Amino acid sequence: MQRSPKRRAFLQACGAATLLLETRWAAGQGVAAGEEKLPGIDDLGALGAQSRREHQPLLLFFSTPGCPYCLDVRRNYLAPRVREGKAAGVIVREIDITSRRSFAGGDGKPVREMDLAARFNVRVAPVVVLVNSDLVPLADPLVGIDRSGFYEGYLSSAIETARAKLARE
């Protein structure tokens, strides 16, 4: 079957676009180029001290690599808060529920990210948990993502609930 030059050019463009998407997916395991993870935890004791000093709750974002729902929460709801810094009223940290990466726990002993997730019974992603400096939950966790457009409202409400409880402590 002979293809016209226009059809051949169209098919080549489609093939190039598909290859580009596949390459970006493979390189980032579903994370678009330029996307980065949110700050992680290096020292839970220091993070707790920061939370107490700044009178801000900790927002723990539990995710998995390549999770499109995690990408949506990270990019559209949490990254803007990280960019706001202290003005956001919350300290955001990301935890990969599948990771064996260790960080210093509150007592200085190593803790793996997957073990912190297990402590909060997180088995799926994305999950947002708001806690105080002692890792005591301050609001109901947000599990999954809301596709009807109310996620920002749920997240803002949970943050305000956490901030109010923290102010009473």
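Here is a quick briefing on the sheet, the helices lying across it, a few aromatic pairs and one buried loop residue. Keep in mind that this is a predicted model. At its heart, for our purposes, is an open sheet of 4 strands with mixed pairing. Helices α2 and α5 both lie across strands of that sheet, and α5 also supplies a tyrosine to an aromatic pair with helix α3.

**The sheet**
- Reading across the sheet, the strand order is β2-β1-β5-β6.
- The edges are β2 (91-96) and β6 (142-143), each of which pairs on one side only.
- Strands β1 (residues 58-63) and β5 (residues 127-131) run antiparallel to each other, with 5 bridges between them.
- If you want a landmark in that pairing, look for L58, which sits opposite V131 in β5.
- As a general reminder, strands in a sheet pair through backbone hydrogen bonds, in either a parallel or an antiparallel way.

**Helices across the sheet**
- Helix α2 (residues 44-54) lies across β1 and β2, and its direction makes an angle of about 155 degrees with β2.
- Helix α5 lies across β1, β5 and β6, running at about 20 degrees to β5.

**Aromatic pairs**
- The count of aromatic pairs comes to 3.
- One of them joins Y77 and Y151: the ring centres are 4.8 Å apart and the planes meet at 55 degrees, so this pair counts as tilted.
- Y77 belongs to helix α3 (residues 68-84) and Y151 to helix α5 (residues 151-168), so the pair links parts of the chain that are 74 residues apart in sequence.
- Both partners are buried: Y77 has 16% relative accessibility, and Y151 has a relative accessible area of 3%.
- F150 and Y154 make another tilted pair, with 6.4 Å from centre to centre and 55 degrees between the planes.
- Y154 is partly exposed, at 44% relative accessibility.

**V122, a buried loop residue**
- You'll find V122 in the loop between α4 (113-119) and β5.
- Despite the loop position, V122 is buried, because its relative accessible area is 10% and the cut-off for buried is under 20%.
- Setting aside neighbours within four places in sequence, V122 is in contact with F62, I97, A117 and V127.
- Of these contacts, I97 is 25 residues away from V122 in sequence, yet their C-alpha atoms are 7.5 Å apart in space.

Conventions:
Residues numbered from 1 in each chain as written. Predicted model: local features only at pLDDT ≥ 70, side-chain atom pairs only at ≥ 80, totals over all residues. Heavy atoms only, no water. Phe/Tyr/Trp six-rings, centres within 6.5 Å; stacked < 30°, edge-to-face > 60°. Helix = DSSP H or I, 4+ residues; strand = E, 2+ residues; numbered from the N terminus. Buried < 20%, exposed > 50% of the residue type's maximum accessible area, 1.4 Å probe, protein only. Pairing = 2+ DSSP bridges. Contact = heavy atoms within 4.5 Å. Axes fitted to C-alpha atoms, helices over the stretch in contact; angles between N-to-C directions.
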